[in-house]
Amino acid sequence: MYLFIASVAAVLAACVAVRLALPRNDSHASVRRLVRCAVIAAVYVVLCLVLAPFSYGAVQVRVAEALCLLPVFGAEYIIGVTLGCFLANLFGSTIIDVIFGTIATLLACLVTYRLRHLRLKGLAIPASLPPVFFNAVIVGIEITLFFTDYHVMSAPLWLLCLSNGISVGVGELVSCTVLGVALVKLIESNAGLKGIFVEK
């Protein structure tokens, strides 16, 4: 029941956000983008909540982060993935993670969109690196400052930030550079999926 409510909330919030963000001169294209954005936001939330033990904390492989590569196919996915992250953190984490985790995802999606045409041996590897970088830095510092009792630890603050950043970054590498790149390749190589995901 909880997952159903979260999914409905994600879809409704995404619909409102995309309707406000997208131009209104092409209603048919806007509706397609609205639907794609809403579905991606809902999928992000559901993946995080269903796989909650892996989605939250200092050591995590958030499978939903593979969706951070979808801006390769269109700018509307920036809204969908960011909104999905916001809602997933709102339902499953703390207000601090809602703020900093969402900022990290937004920045990552924006830069991924800018790198959408770059390929390494035919793979979207360059586009997978912004989520790794921004989450490692922002979430790594967030975990250290807000969820670690660093005052009583013998290690210096910078080392704790680095350690937490590496931990988050490794999880992001699995989610984005492995799963996300595979997702992009699958969509690009399948005409049916490409027709669904690619902006028209």
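## Surface and overall make-up

The protein exposes about 9700 Å² of surface, and carbon and sulfur atoms supply 75% of that area, where accessible areas come from the Shrake-Rupley method with a 1.4 Å probe and, for residues, only the protein chains shown count as cover. This is a predicted model, in which local features need pLDDT of at least 70 and side-chain atom pairs count only at pLDDT 80 or more, while totals for chains, interfaces and linings use all residues. Residues are numbered from 1 along each chain as its sequence is written, and side-chain values use heavy atoms, with hydrogens and water left out.

The protein contains eight helices and zero strands, so that its elements, read from the N terminus on, run α-α-α-α-α-α-α-α; here helices (H or I, at least four residues) and strands (E, at least two) are DSSP runs, numbered from the N terminus. Of the 200 residues of the protein, 44% count as buried, a word that stands for under 20% relative accessible area, whereas exposed stands for over 50% and partly exposed for what lies in between (1.4 Å probe, protein chains only). If one takes the contacts in the protein with a separation of 6 or more, residues 24 or more positions apart account for 70% of them, a contact being heavy atoms within 4.5 Å.

## Helices H4 and H5

Two packed helices are described by the angle between their axes and the distance between the axes. The axes of helix H4 (residues 76-92) and helix H5 (residues 95-114) come within 9 Å and cross at roughly 165°; such axes are lines fitted to C-alpha atoms, for helices over the stretch in contact, and the angles run from 0 to 180 degrees between N-to-C directions. H4 and H5 are therefore roughly antiparallel to each other, since angles over 145 degrees count as roughly antiparallel, those under 35 as roughly parallel, 65 to 115 as roughly perpendicular and the rest as oblique.

H4 passes H5 in a right-handed crossing, meaning that the near helix is turned clockwise from the far one by less than a right angle, while anticlockwise would be left-handed. On the H4 side the contact is made by residues including Ile78, Val81, Cys85 and Phe86, and on the H5 side by residues including Asp97, Val98, Leu106 and Tyr113. The residues of this contact between H4 and H5 divide into ten nonpolar, five polar and one charged, where Ala, Val, Leu, Ile, Met, Phe, Trp, Tyr, Cys and Pro count as nonpolar, Asp, Glu, Lys and Arg as charged, and the others, Gly among them, as polar.

## Helix H6 and its partners

H5 also packs with H6, at an angle of about 160° and with their axes 8 Å apart, which makes H5 roughly antiparallel to H6. The crossing of H5 and H6 is right-handed. Among the residues that meet here are Phe100, Ala104, Leu107 and Val111 in H5 and Pro130, Phe134, Ile138 and Phe146 in H6, and the contact of H5 with H6 has, by class, 15 nonpolar, three polar and two charged residues.

H6 packs in turn with helix H7 (residues 157-189), at an angle of about 150° and with their axes 7 Å apart. The crossing of H6 and H7 is right-handed, and their contact holds 16 nonpolar, eight polar and one charged residues.

## Individual residues

Ile141 is found in helix H6 (residues 125-147) and counts as partly exposed, at 36% relative accessibility. Not counting residues up to four places away in sequence, Ile141 touches Ala136 and Cys161, and its C-alpha lies 9.6 Å from that of Ser163, although the two residues are 22 apart in sequence.

Ala66 lies in the loop between helix H3 (52-55) and H4 and is buried, with a relative accessible area of 7%. Ala66 touches Ser175, Leu179, Gly180 and Leu183, again not counting residues up to four places away in sequence, and from C-alpha to C-alpha Ala66 and Val181 are 7.7 Å apart in space but 115 residues apart in sequence. Arg36, in helix H2 (residues 27-50), is also buried, with a relative accessible area of 10%; Arg36 and Tyr77 are 41 residues apart in sequence and 7.7 Å apart in space, C-alpha to C-alpha.

Lys121, by contrast, is exposed, with a relative accessible area of 84%, and its place is in the loop between H5 and H6. Lys121 has a positive phi of about 55°, although it is not a glycine.
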